[in-house]
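Please open the model in a viewer and keep the selection panel at hand. The stops below proceed from charged pairs to the nonpolar interior.

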Amino acid sequence: MSVIGDPRLETLLAGLHARSDAQAAAMRAFDADRTDEVQPLSPKEARAFLRDKLVALDPDKAEFCYQLCRASNARRIVEIGTSFGVSTLYLAAAIRDNIRAGGGSGVVIGTEYEPNKAAAARAHFEQAGLSQFIDLREGDLRQTLKEIDGPVDFMLMDIWITMARPALELVTPHLRPGAIVIADNTRQYRNEYSDYFAFLEAQGFRTMTLPFDGGLELSVLDR
Ligand SMILES: C[S@@+](CC[C@H](N)C(=O)[O-])C[C@H]1O[C@@H](n2cnc3c(N)ncnc32)[C@H](O)[C@@H]1O
């Protein structure tokens with residue numbers, strides 16, 4: 001049973017997760033078929049390969065983010081990496097439900113640089129009736145996140161890992177004291193995240209790696 005409690009949204013999400021899972025299986029098979037003699041993909045080839053891939057956040061992690069946003073009554077959320085909008089839908093549902101419960105307003109700021117993914121995400125937002133809670137910023141996040149109205153209550157980091165630290169550097173000045181930052185797969189890619197962890201430590205975040213698949217980092221800004 002989902003914590004979302006919205007049958008229309010849950011049906012949409014189930015279909016998107018199934019599509020993402022099928023692609024992930026195909027991606028694993030593609031990787032397994034590539035022998036050591038094969039040249040690794042260039043950055044351009046890798047980007048082209050990933051252009052139609054959802055790479056969606058796992059449902060349990062996404063539901064956990066929904067719960068955190070409800071528990072903290074989050075009103076401004078920044079999502080690093082929107083893709084086809086799966087995790088965005090959970091975050092926007094939390095904003096909608098926080099407003100229903102307590103009035104006021106709220107927004108999820110999404111980020112995506114692939115135009116086809118952004119277009120698909122917008123269609124999913126419409127389908128779920130959640131567009132009004134989402135400000136999807138198209139383009140490279142190092143440009144699109146230069147302006148953020150604070151305070152930011154919650155941030156989801158679900159991006160190619162080299163972009164995690166630059167994104168956190170941009171958003172940290174706008175985080176409210178006690179803001180929550182979630183990052184995916186931090187146990188599986190601990191070494192690749194080393195510059196991200198160094199920044200967390202330098203900025204005074206308290207952080208723990210939760211036992212979701214691959215590890216999910218829960219960091220709280222201590223200021
Ligand atoms: C792991 S996927 C996000 C999945 C999404 N959170 C979900 O649950 O459906 C990461 C996304 O970040 C996008 N991306 C990568 N680098 C980016 C950049 N520099 N600026 C904006 N988007 C970027 C990719 O195109 C990809 O769609």
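The tour of this predicted model begins with salt bridges and ends with two nonpolar cores.

**Salt bridges**

A search of the whole structure returns 14 salt bridges; three pairs and one network are visited here.

Select aspartate 153 and arginine 176. Their closest N and O atoms lie 2.8 Å apart, and the two residues form a salt bridge. Aspartate 153 belongs to strand S4 (residues 152-157) and arginine 176 to strand S5 (residues 175-184), so this pair ties together parts that are 23 residues apart in sequence. Is aspartate 153 buried or exposed? With a relative accessible area of 10%, aspartate 153 is buried, while arginine 176 counts as partly exposed at 23% relative accessibility.

Next, select aspartate 222 and arginine 206. A salt bridge joins their side chains, with 2.7 Å from N to O. Arginine 206 sits in strand S6 (residues 205-210), and aspartate 222 in the segment after strand S7 (216-221), so the bridge ties together parts that are 16 residues apart in sequence. Turn on the surface to compare the partners: aspartate 222 is partly exposed at 42% relative accessibility, and arginine 206 is exposed at 59%.

Now display Asp6, Arg96, Asp97 and Arg100 together. Salt bridges with shared partners join these four residues into one network.

The last pair to select is aspartate 140 with arginine 142. Their side chains meet in a salt bridge of 2.7 Å, N to O. Both residues count as partly exposed, aspartate 140 at 26% relative accessibility and arginine 142 at 41%.

**Nonpolar cores**

Hide the charged side chains and select Leu9, Ile77, Leu89, Leu91, Leu130, Phe154 and Ile182. Among the 43 residues of the largest nonpolar core, these touch the most other members. Colour the model by secondary structure to see the contributors: helices H1 (7-33), H3 (59-71), H4 (86-102) and H5 (115-128), together with strands S3 (134-138), S4, S5 and S7, each supply at least two residues of this core. Which element gives the most to this core? Helix H4 does, with nine residues.

Centre the view on leucine 9. Leaving aside residues up to four places away in sequence, leucine 9 touches Ile4, Leu89, Ala93, Ala128 and Leu130.

Finally, select Val78, Ala167, Ala179 and Phe205. These residues are among the members of a second, separate core of 26 residues.

How values were computed:
Residues numbered from 1 in each chain as written. Predicted model: local features only at pLDDT ≥ 70, side-chain atom pairs only at ≥ 80, totals over all residues. Heavy atoms only, no water. Buried < 20%, exposed > 50% of the residue type's maximum accessible area, 1.4 Å probe, protein only. Helix = DSSP H or I, 4+ residues; strand = E, 2+ residues; numbered from the N terminus. Core = buried A, V, L, I, M, F, W, Y, C linked by side-chain atoms within 4.5 Å. Contact = heavy atoms within 4.5 Å.
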